[in-house]
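Morning, everyone. I have one structure to go through today, so let me put it on the screen.

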Amino acid sequence: AEDSLGKFMRRYANFLMKTWVKVLVLVVFLLMFAVMVISASKLEQEFDFKDVLPSGSYAADFWTAHNEYMGISGLRPKIFFRGVDQSDESIQKQMQEYVDDLVN
């Protein structure tokens with residue numbers, strides 16, 4: 001005497017072993033896989049450091065205003081050379097070396 005669970009499992013196994021069911025399972029799997037690959041290719045990773053700043057802090061307010069008025073997320077350093085003859089090639093070389101030293 002076989003119990004009802006055993007009978008169900010036997011019928012289910014026989015059903016899964018049919019050729020058209022195998023093909024259907026494979027097609028459904030491949031379709032789901034394709035959808036997941038397409039979805040994964042559209043994922044983007046983004047980190048905005050303002051998210052970790054306390055809301056209402058001066059730093060958060062500064063960066064909000066900075067991005068609103070400057071349109072960039074970081075500061076762009078500027079170097080001004082005053083009181084030098086910028087047309088002189090040796091001065092130009094010294095200015096370039098100074099900037100290179102700052103960058104490196």
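I'll start with a single residue: Phe15 is partly exposed, at a relative accessible area of 36%. Keep in mind that this is a predicted model.

Now the overall picture. The protein contains 4 helices and 0 strands, and the order of elements from the N terminus is α-α-α-α. The radius of gyration is 33 Å, where a compact globule of 104 residues would have one near 13 Å. Along the principal axes, the C-alpha atoms fill a box of roughly 105 × 40 × 25 Å. Of the 104 residues, 8% count as buried. Taking contacts between residues at least 6 apart in sequence, 3% join residues at least 24 apart.

On to the surface and the charges. The accessible surface is about 9900 Å², and 61% of that belongs to carbon and sulfur atoms. There are 11 positive and 14 negative side chains, with the centres of the two sets 23 Å apart.

Back to the aromatics. How many aromatic pairs does a search of the whole structure find? The search gives 4. In one of them, Phe8 and Tyr12, the ring centres are 5.9 Å apart and the planes meet at 10°, so this pair counts as stacked. Phe8 and Tyr12 sit 4 residues apart in helix α1, residues 4-16, which means about one helical turn separates them. Tyr12 is partly exposed, with a relative accessible area of 40%.

Phe15 pairs with Trp20, and that pair is edge-to-face, with 5.8 Å between centres and 80° between planes. Trp20 is exposed, at 52% relative accessible area; the cut-off for exposed is over 50%.

How values were computed
Residues are numbered from 1 along each chain as its sequence is written. This is a predicted model: local features need pLDDT of at least 70, side-chain atom pairs count only at pLDDT 80 or more; totals for chains, interfaces and linings use all residues. Side-chain values use heavy atoms; hydrogens and water are left out. Rings of Phe, Tyr and Trp (its six-membered ring) pair if their centres lie within 6.5 Å; planes under 30 degrees apart count as stacked, over 60 as edge-to-face and the rest as tilted. Helices (H or I, at least four residues) and strands (E, at least two) are DSSP runs, numbered from the N terminus. Buried means under 20% relative accessible area, exposed over 50%, partly exposed in between (1.4 Å probe, protein chains only). The radius of gyration is taken over C-alpha atoms; the globule rule is 2.2 Å times the number of residues to the power 0.38. Contact means heavy atoms within 4.5 Å. Accessible areas come from the Shrake-Rupley method with a 1.4 Å probe; for residues, only the protein chains shown count as cover. Lys and Arg count as positive and Asp and Glu as negative; His and the chain ends are not counted. The place of a charge is taken as NZ of Lys, CZ of Arg, CG of Asp or CD of Glu.
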